[in-house]
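Dear colleague,

Below is the structure I promised to pass on to you. Please look it over at your own pace, and then read the notes that follow.

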Amino acid sequence: MFIDTHSHLDFPEFKADIEQVIKRAQNAGVGKIINVACDLKTCETASGLSRKYDFIYSTLGLHPYESRFVTPELMNNFFEQVEADAKGGAAKDGEAASGRKIVAIGECGLDYFKAKIPYEEQIRAFQLQLELAQRAGLPVIIHSRNSEADVLEILKEFSDVRFVFHCYGGNIENAGKILDAGGMISFTGVITYPKAENIRDTAKYVPLDRIMSETDCPYLAPQKYRGKRNEPAYVVEVVKEISRVKNLPLEKTESALQKNAEEFFGI
Ligand SMILES: [Zn+2]
């Protein structure tokens, strides 16, 4: 089975046809999807689909752009939600909750690429979310742009927290540091772009048991669908490309990446 470990199915782009999007993913062999929260709104809505579909899971977390909203009170609220979820108590009437559905904290991290938010504010928000992950015993989905050194430095204080660098676009040297720190590396459809030779080189370098696949949809559609809205079904293109650069049979790559995601998220 293919797994899309990072989608944003609550974004307005999917409002009109979410049922068909989910059906197409299933028809393409995508057996599990993580619906990732990134702001206050999606923290409220991300679990909706995960309550409706047993193969969809959700997260709680705020993107670095949303750092100002990250407070100790909000983290306590998230912790309570995770606890209720673990007991299966978060299901409301009419929802078919089946087991634990909040499977990670994130996406959170540091974004120095455009850096409109002061670094200190981003770091504070990231640390609070790492504390939450530690307390809740959940792994973290990390968004990092031009900030790998600081992210890895901060992660040292949370050595028991498992983490994945999502939508990895960095170089081999930084990938090596992430691997040394025990992290996972996740690739999107960007790996299929003609100019993304550096990302393909990185995927070749990262051991198969440390890689995950994702779409980051609705953004970053793979080359085959470039310019269109991305969706979980297209994660197949990402896994195909990883298998091509690693010169492995698709089935072997597919099952290895499935195992990685299942173990990482406990799904
Ligand atoms: Zn994302």
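**Strand pairing and the sheet**

In strand 6, the residue F163 is the bridge partner of V140. Please keep in mind, as you follow this and everything below, that the model is a predicted one. The strands concerned are strand 5, residues 140–145, and strand 6, residues 163–165, which pair in the parallel sense over three bridges. As background, the strands of a sheet pair through backbone hydrogen bonds, and they do so either parallel or antiparallel.

The wider setting is an open sheet of eight strands, whose order is 1-2-3-4-5-6-7-8 and whose pairing is parallel. Its edge strands are strand 1 (2–7) and strand 8 (211–213), each of which pairs on one side only. From one strand to the next, the twist averages 30°.

Helix 2, which covers residues 40–52, packs on this sheet and touches strand 2 (30–35), strand 3 (56–60) and strand 4 (102–111), while its direction makes about 165° with that of strand 3. The buried residues of this helix are T42, C43, A46, S47, L49 and S50. Seen down the axis of helix 2, these buried residues fall within an arc of 155°, and therefore they line one face of the helix. Among the elements that cover the buried residues of helix 2 are strand 2, strand 3 and strand 4.

**The chain as a whole**

Taken together, the protein chain has nine helices and eight strands. Its C-alpha atoms fill a box of roughly 45 × 45 × 30 Å along the principal axes. For a chain of 267 residues, a compact globule would have a radius of gyration near 18 Å, and the 17 Å found for this protein chain agrees with that. Of the 267 residues, 47% count as buried. If you consider the contacts between residues at least 6 apart in sequence, 69% of them join residues that are at least 24 apart.

**Some residues to look up**

Which residues touch the most other members of the largest nonpolar core? Of the 73 residues in that core, they are I105 and V140, the latter being the bridge partner of F163 with which these notes began. Not counting residues up to four places away in sequence, I105 touches T59, L60, G61, Q129, L132, A133, A136, L138 and V140.

Another residue to find is I142, which lies in strand 5. Is I142 buried or exposed? It counts as buried, because it has 30 C-beta neighbours inside 10 Å, where 20 or more are needed for a residue to be called buried. Leaving aside its neighbours within four places in sequence, I142 is in contact with G106, C108, G109, V151, F163, V164, F165 and H166. By way of a distance to check on screen, I142 and E231 are 89 residues apart in sequence and 20 Å apart in space, C-alpha to C-alpha.

Finally, V70 is found in the loop between strand 3 and helix 3 (72–86). V70 has 24 C-beta neighbours inside 10 Å, and so this loop residue counts as buried. Beyond the residues up to four places away in sequence, V70 touches L62, A125, L128 and Q129, and Q129 is also one of the residues that I105 touches. V70 and A233 are 163 residues apart in sequence and, from C-alpha to C-alpha, 32 Å apart in space.

With kind regards

Definitions and conventions:
Residues numbered from 1 in each chain as written. Predicted model: local features only at pLDDT ≥ 70, side-chain atom pairs only at ≥ 80, totals over all residues. Pairing = 2+ DSSP bridges. Helix = DSSP H or I, 4+ residues; strand = E, 2+ residues; numbered from the N terminus. Axes fitted to C-alpha atoms, helices over the stretch in contact; angles between N-to-C directions. Contact = placed C-beta atoms within 7 Å. Rg over C-alpha atoms; globule rule 2.2 N^0.38 Å. Buried ≥ 20, exposed ≤ 12 C-beta atoms within 10 Å, placed from the backbone. Core = buried A, V, L, I, M, F, W, Y, C linked by C-beta atoms within 7 Å. Arc of directions from axis to C-beta.
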